[in-house]
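User: Hi! I've got a structure open and would like to talk it through with you. Could we start with one residue and work outwards?

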Amino acid sequence: MAHFAGRLLLFRVADLMCAAEAAAVREILPLQRATRIPGAPAAVLGLINVRGELVSLIDGARLLGRATSGTVGAVLLMRWGETPVAMTVDEVMDLVPVPETDLAGREQLVGIDPTVVRAVGRDGDRSFLVLDLDALLGPLLLA
């Protein structure tokens, strides 16, 4: 099982409640228009300008193999190693402390690739997937 220290940011992408370590998320931004990159994978919406820095904008729904809802609520600005990357999400839900005892293994997942999930968690009556950003973003950004 994955080890987490601190807090998780909960957000919704299509029909999935997801989470990322809060330390990996730098900012929550409003959606902005992206400039398409010719030949980029379908999940890459294009480049956005964040205070003078060009950042790849990733469609969170396509990245997770879900139908795009068309109602993007926010953009999560993150760092993948030294590379800034942004991902669309439908809704930012909460910032929660998560004791490791509240997390379970990813072995029993149905409908999503378990290699992109680090753990499954619960916050009250909500269950969520803690995403493995390296497994999700690596193949896309290194392509």
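User: Is Asp132 buried or exposed?

Analyst: Asp132 is buried, with a relative accessible area of 19%. Buried means under 20% relative accessible area, exposed over 50%, and partly exposed in between, using a 1.4 Å probe and protein chains only. Keep in mind that this is a predicted model, where local features need pLDDT of at least 70 and side-chain atom pairs count only at pLDDT 80 or more, while totals for chains, interfaces and linings use all residues. Residues are numbered from 1 along each chain as its sequence is written, and side-chain values use heavy atoms, with hydrogens and water left out.

User: Thanks! Where is Asp132 placed, and what is it in contact with?

Analyst: Asp132 sits in the loop between β11 and α2. Leaving aside neighbours within four places in sequence, Asp132 is in contact with Thr115, Val116, Val117 and Arg118; contact means heavy atoms within 4.5 Å. Asp132 and Arg118 are 14 residues apart in sequence, and their C-alpha atoms are 5.2 Å apart in space.

User: What about Asp125, buried or exposed?

Analyst: Asp125 is exposed, with a relative accessible area of 70%. The loop between β10 (117-123) and β11 holds Asp125. From Asp125 to Val13 the C-alpha distance is 18 Å, with their places 112 residues apart in sequence.

User: Let's zoom out. How many helices and strands does the protein have?

Analyst: There are two helices and 11 strands. Helices (H or I, at least four residues) and strands (E, at least two) are DSSP runs, numbered from the N terminus. Starting at the N terminus, the order is β-β-β-β-β-α-β-β-β-β-β-β-α.

User: And how compact is the protein?

Analyst: The protein is as compact as a globular protein of its length, because its radius of gyration of 15 Å is close to the 15 Å that the globule rule gives for 143 residues. That radius is taken over C-alpha atoms, and the rule is 2.2 Å times the number of residues to the power 0.38. Along the principal axes, the C-alpha atoms fill a box of roughly 45 × 30 × 30 Å. Of the 143 residues, 44% count as buried. Among contacts between residues at least 6 apart in sequence, 54% join residues at least 24 apart.

User: Nice. Which residues have the most contacts inside the largest nonpolar core?

Analyst: Those are Phe11, Leu64 and Leu137, in a core of 31 residues. A nonpolar core here is a set of buried Ala, Val, Leu, Ile, Met, Phe, Trp, Tyr and Cys residues joined through side-chain atoms within 4.5 Å. Elements that each supply at least two residues of this core include β1 (7-13), α1 (60-63), β6 (74-80) and α2 (133-141). A second, separate core has 10 residues, among them Ala19, Val98, Leu103 and Ala119.

User: What does Leu64 touch?

Analyst: Not counting neighbours within four places in sequence, Leu64 is in contact with Val13, Leu16, Cys18, Ile112, Leu131 and Leu136.

User: Ile112 caught my eye there. Where is Ile112 found, and what does it touch?

Analyst: Ile112 is in the loop between β9 (103-104) and β10, and counts as buried at 11% relative accessibility. Beyond residues up to four places away in sequence, Ile112 touches Leu16, Leu64, Val117 and Leu129. Leu129 lies in strand β11 and is buried too, at 9% relative accessibility.

User: Switching topic: which residue between β1 and β2 has an unusual backbone angle?

Analyst: That would be Ala14, with a positive phi near 55° in a residue other than glycine. Most residues other than glycine have a negative phi. Ala14 is in the loop between β1 and β2 and is buried, with a relative accessible area of 14%.

User: And Arg51, what is its phi?

Analyst: Arg51 has a positive phi of about 50°, although it is not a glycine. Arg51 lies in the loop between β4 (44-50) and β5 (53-58) and counts as exposed, at 64% relative accessibility.

User: Last one: how many positive and negative side chains are there?

Analyst: The protein has 13 positive and 17 negative side chains, where Lys and Arg count as positive and Asp and Glu as negative, with His and the chain ends not counted. The centres of the two sets lie 6 Å apart, with each charge placed at NZ of Lys, CZ of Arg, CG of Asp or CD of Glu.
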